[in-house]
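This briefing covers the nonpolar cores, a surface patch and the aromatic pairs of one protein model. The model is predicted.

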Amino acid sequence: MVTGYENLLGEFLGTMVLLVLGCGVCANLTLNKSKGVGGGWICIAFGWGFGVTFGVFTATTFGAPQADLNPAVTLAKTLAGVYTFNQFIVTSLVQILGGIVGATIVWLTYLAHWEGTTDPAAKLGIFSTAPAIRNNALAFITEVSATFFLVFLIWMTFSAKFGYSAETAASTFLGNGFGPYIVGMLIVALGLSLGGPTGYAMNPARDLGPRIAHAILPIPGKGGSDWGYAWVPVFAPLVGAALAYVACSAFGYFG
């Protein structure tokens, strides 16, 4: 149980790190004259997986023992009694702010490359997700499914069956400090398996924060920020996370 708002700095910095590494790998593989152009989907999946791993380490170090980096995960834990509703709202806002800052750092890092890339959709794809086939209803289902398995498998991994203790945030099976690596592997697995239709946002802060950054930053030839789709990677992950809580409750996971 999170007792106050001591988690906010950690959630901000951890989400910032997640987006620096996540949007960073997208920029590296997309922007013309970057040395990583054309690296492919496996690089994307591992880049986001490492982003989560080191984001979790950062968040935990700076006082966020839950290290969610994701309003959908925070919502699931709120339903499970870890947070109050007010904590969920404030934590989510801080995570989104971390996403904005992380994406802005990527923009600055690749400042010399934006003008040399002419495709506005490619530039937007560095910041936020979009469906491979434009159908918002089906994209919503994809994001619900991916986020369901994100939250469900996090809870399966950090189960009391493996010696995990919610009080100590450690496991006699995994060992203290191994959890972030396991979650990073899960992100890679989900990207490789379920990421194709929508780019697997699974995280309102991961998509909305950088999308806001894209909208406000002076990126040459950037085009629009695709706000007509933006609601999908915000609300679908929240639904998927809530369904994961319902399923785990039905199976007696919480007691």
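The structure holds 13 aromatic pairs. In one of them, the ring centres of F57 and Y181 are 5.4 Å apart and the planes stand at 70 degrees; since edge-to-face requires over 60 degrees, the pair is edge-to-face. F57 belongs to helix α2 and Y181 to helix α7 (residues 179-194), so this pair ties together parts 124 residues apart in sequence.

**Aromatic pairs**

- F57 has a relative accessible area of 27%, so the residue is partly exposed, as the class runs from 20% to 50%.
- Y181, the partner of F57 in the edge-to-face pair, is also partly exposed, at 42% relative accessibility.
- A cluster is formed by W155, Y245, Y253 and F254, which are linked through ring pairs.

**Nonpolar cores**

- The largest nonpolar core has 54 residues, and the members that touch the most others are W48, W114, F127 and L150.
- A second core, separate from the largest, consists of five residues, among them A139, V144, Y229 and V232.
- Leaving out residues up to four places away in sequence, L150 touches N70, V73, L186, I187, L190 and M202.
- In soluble globular proteins, nonpolar side chains tend to be buried together.

**I126 and its surroundings**

- I126 is part of helix α5, which covers residues 120-127.
- With a relative accessible area of 0%, I126 is buried, because the limit for that class is under 20%.
- Beyond its neighbours within four places in sequence, I126 contacts C23, C26, A27, T30, L31 and W114.
- W114, in this list of contacts, is also one of the residues that touch the most other members of the largest core.
- I126 and A27 lie 99 residues apart along the chain, yet their C-alpha atoms are separated by 5.4 Å.

**Nonpolar surface patch**

- L21, W41, I42, F46, F50, F54 and L192 make a nonpolar surface patch of about 670 Å².
- Helix α2 (residues 41-61) supplies the largest share of this patch, with five residues.
- W41, a member of the patch, is found in helix α2.
- At 37% relative accessibility, W41 counts as partly exposed; patch residues need over 30%, so W41 passes that cut-off.
- Helix α2 thus appears under two topics: the helix gives five residues to the patch, and F57 of helix α2 pairs with Y181 of helix α7.

Note on methods
Residues are numbered from 1 along each chain as its sequence is written. This is a predicted model: local features need pLDDT of at least 70, side-chain atom pairs count only at pLDDT 80 or more; totals for chains, interfaces and linings use all residues. Side-chain values use heavy atoms; hydrogens and water are left out. A nonpolar core is a set of buried Ala, Val, Leu, Ile, Met, Phe, Trp, Tyr and Cys residues joined through side-chain atoms within 4.5 Å. Buried means under 20% relative accessible area, exposed over 50%, partly exposed in between (1.4 Å probe, protein chains only). Contact means heavy atoms within 4.5 Å. Patches are made of residues with over 30% relative accessible area and no salt bridge: like charges are joined within 9 Å, nonpolar side chains (Val, Leu, Ile, Met, Phe, Trp, Tyr) within 5 Å. Accessible areas come from the Shrake-Rupley method with a 1.4 Å probe; for residues, only the protein chains shown count as cover. A salt bridge is a side-chain nitrogen of Lys or Arg within 4 Å of a carboxyl oxygen of Asp or Glu. Helices (H or I, at least four residues) and strands (E, at least two) are DSSP runs, numbered from the N terminus. Rings of Phe, Tyr and Trp (its six-membered ring) pair if their centres lie within 6.5 Å; planes under 30 degrees apart count as stacked, over 60 as edge-to-face and the rest as tilted.
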